[in-house]
Structures are given as structure tokens and as C-alpha cells.
Amino acid sequence: VYPGFVMPKAAAKRYSRPLNIWFCLGLPLTLLILLLAFPPKALDFAISHMFYSQELGFAGKHNFWLERVLHDGAKQAVYLLETLALIGFIGTFLRKSWLWLRLPLGYLVLAIGISYVVVTPLKVVTGVHCPWDLTEFGGTETYSPLLSKRVPTSHPGKCWPAGHASGGFTLFALYFVLRDRRPRLAVAALTFAFALGTLFSVGRIMQGAHFLSHNLW
């Protein structure tokens, strides 16, 4: 790119190979249709009841590790990763030797950023309540399915889709950054993102903050 500049081997292949569109879009769309056609209410309630008792409420609602470490601390760690990626992306305009990182870092910032930007408006528009809000789990609100009209309330829900789980699943972007540069590391990143998103999901289910389906979405 520049005289005397040797591009690292990891960047020798500049452009990614094409995605299998039928798989990458077809599978999520199929699952979306299935979730809409067959809402897993019974499964949602059954799993949440595993962590709830009338005497104590949700077992993990005030648990230090689930709230301070797995929720607050982990969320800040994901924000830090996004910030570092953004700083690195800006740095590619300042240091010629970082130029080969501009596309992958730009993609990472954009992918994670869009994931976060999409979730919050959906929470506001849908008005779905958390398990801990519902009368069946000691709250005051009435359950209503995702696509049904909400029962009038002064406190609309903001629980669909699950925001914390999305914080872990946004790291799927790392797989696509690494797929054509470091295939083995890409698989490790994919596994890590899936495990982290799942861990975040389980933690919030235990706290009564989300149903299983909120995390699947």
C-alpha cells in the first residue's frame, strides 16, 4: 500500500469470501417465523418458575455475582471492547502501519454498534414486561403475548428483546472479522460469543429479568 510497507500475512487476503445467503439469512428467518407461529409461553413460564418461589421471589434477583459481576461488570467489559475497537479504527487514519486494520475494525465497530442501536428502540416499541413484573411472579402486570395488544398500564415493559444477552451475542461479529484471516481463532471467537450470550441469558432468567424467548430473540 505504501512504499516499503509490508502487509502482515493476516491481512494478505483483503476481501472476505461470500457468505452463504440461504444459510445466513434463511436460518434466522425460519426460526423467527417459528417463534411467531408457536410462541413458547409454556416453556418460558416453566423455566422461570424453576428459579422463583412465593416466599423469596426470584433466587438470583439480588445476587451479587449475577447483578454486579455478570450483569454490570460484563456489560462494561463489552462496552470497553467496542471503545477499544473504535479507538483502533480512528488510529488507522493516523498510523500508516495500521491501515490494514481499517476494514476489520470498521466492520467490528459498525456491527456491534448496530446491534445495540436496534435493541433499545424495540424494547420501547413492544412494551413487553419482564417476568418479575407479572402477577404470576409477584408483580402487578398482566402477561400479554408479543404480538397482542398490551393491557393498559402506567409502567410499560422494556424487556423484549433481551438487551444483556445481545451484549454477548454481538461478539459474533468477531467470527466474521477473523473468518478469512484466522479460521481457527474465528471458531474460538464464535464459540466464546455463543457461550457468553448464553451465560448472560441464563443469569437474567435466574433474576427474573427475562424469559427464555426474550433471549432467543
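1. Let's start with an enclosed space: about 60 Å³ of it lies in the largest cavity. Keep in mind as you read that this is a predicted model. If you search the whole structure for cavities of 30 Å³ or more, you find one.

2. Which residues line the largest cavity? They are V128, H129, L134, T142, Y143, S144, R150 and F211. Sorted by class, that lining has four nonpolar, three polar and one charged residues. Try picking them out in the viewer, and hold on to Y143 and F211, since both names return in point 6.

3. Now for the open spaces. How big is the largest pocket? Its volume is about 2,100 Å³. The lining counts 49 residues, and the ones closest to the pocket's centre are C24, P28, F169, F172 and F176. As for class, the lining divides into 36 nonpolar, nine polar and four charged residues. One of the residues closest to the centre, C24, is partly exposed, because its relative accessible area is 29% and "buried" would need a value under 20%.

4. Which helix gives the most to the lining of the largest pocket? That is α1, with nine residues. On your model, α1 covers 21-37. The helices that each supply at least two lining residues are α1, α4 (102-126), α5 (163-169), α6 (173-178), α7 (183-207) and α8 (212-216). Colour those helices and you can follow the pocket around.

5. Next, the sulfur atoms. A disulfide is a covalent bond between the sulfur atoms of two cysteines. How many does a search of the whole structure find? One, formed by C130 and C159, whose sulfur atoms are 1.6 Å apart. Both cysteines lie in the loop between α4 and α5, so the pair ties together parts that are 29 residues apart in sequence. The angle about the S-S bond is -55°, and the link is left-handed. Are these two cysteines buried or exposed? C130 is buried, at 6% relative accessible area, and C159 is buried too, at 4%.

6. The aromatic rings deserve a look of their own: there are 14 aromatic pairs in the structure. Take F89 and F93 as an example: their ring centres are 5.4 Å apart and their planes meet at 85°, so this pair is edge-to-face. F89 is partly exposed, with a relative accessible area of 24%, while F93 is exposed, at 51%. Elsewhere, ring pairs join F45, Y52, F58, F137, Y143 and F211 into a cluster. Y143 and F211, in that cluster, also help line the largest cavity.

7. Some rings have a charge for company. What sits over the ring of F93? The charged end of R102 does, 3.9 Å from the ring centre. F45, one of the cluster residues, has K41 over its face, 5.6 Å from the ring centre. Find the two aromatic residues in the viewer and check which side each charge comes from.

8. One last thing to check is the backbone. Most peptide bonds are trans. Where does this model have a cis bond? The bond from W160 to P161 is cis, with omega near -5°. P161 is placed in the loop between α4 and α5, and that loop also holds the disulfide partners C130 and C159.

Note on methods
Residues are numbered from 1 along each chain as its sequence is written. This is a predicted model: local features need pLDDT of at least 70, side-chain atom pairs count only at pLDDT 80 or more; totals for chains, interfaces and linings use all residues. Side-chain values use heavy atoms; hydrogens and water are left out. Rings of Phe, Tyr and Trp (its six-membered ring) pair if their centres lie within 6.5 Å; planes under 30 degrees apart count as stacked, over 60 as edge-to-face and the rest as tilted. Buried means under 20% relative accessible area, exposed over 50%, partly exposed in between (1.4 Å probe, protein chains only). A charge sits over a ring if NZ of Lys or CZ of Arg is within 6 Å of the ring centre and within 35 degrees of the ring normal. On a 1 Å grid over the protein atoms alone, a cavity is a set of points where a 1.4 Å probe fits but cannot get out, and a pocket is an open set with protein on both sides within 12 Å along at least five of seven lines; lining residues have an atom within 4 Å of a point. Grid points are joined across faces, edges and corners, and a volume is the space filled by probe spheres set on the points. Helices (H or I, at least four residues) and strands (E, at least two) are DSSP runs, numbered from the N terminus. Ala, Val, Leu, Ile, Met, Phe, Trp, Tyr, Cys and Pro count as nonpolar, Asp, Glu, Lys and Arg as charged, and the others, Gly among them, as polar. A disulfide is a pair of cysteine sulfur atoms within 2.5 Å.
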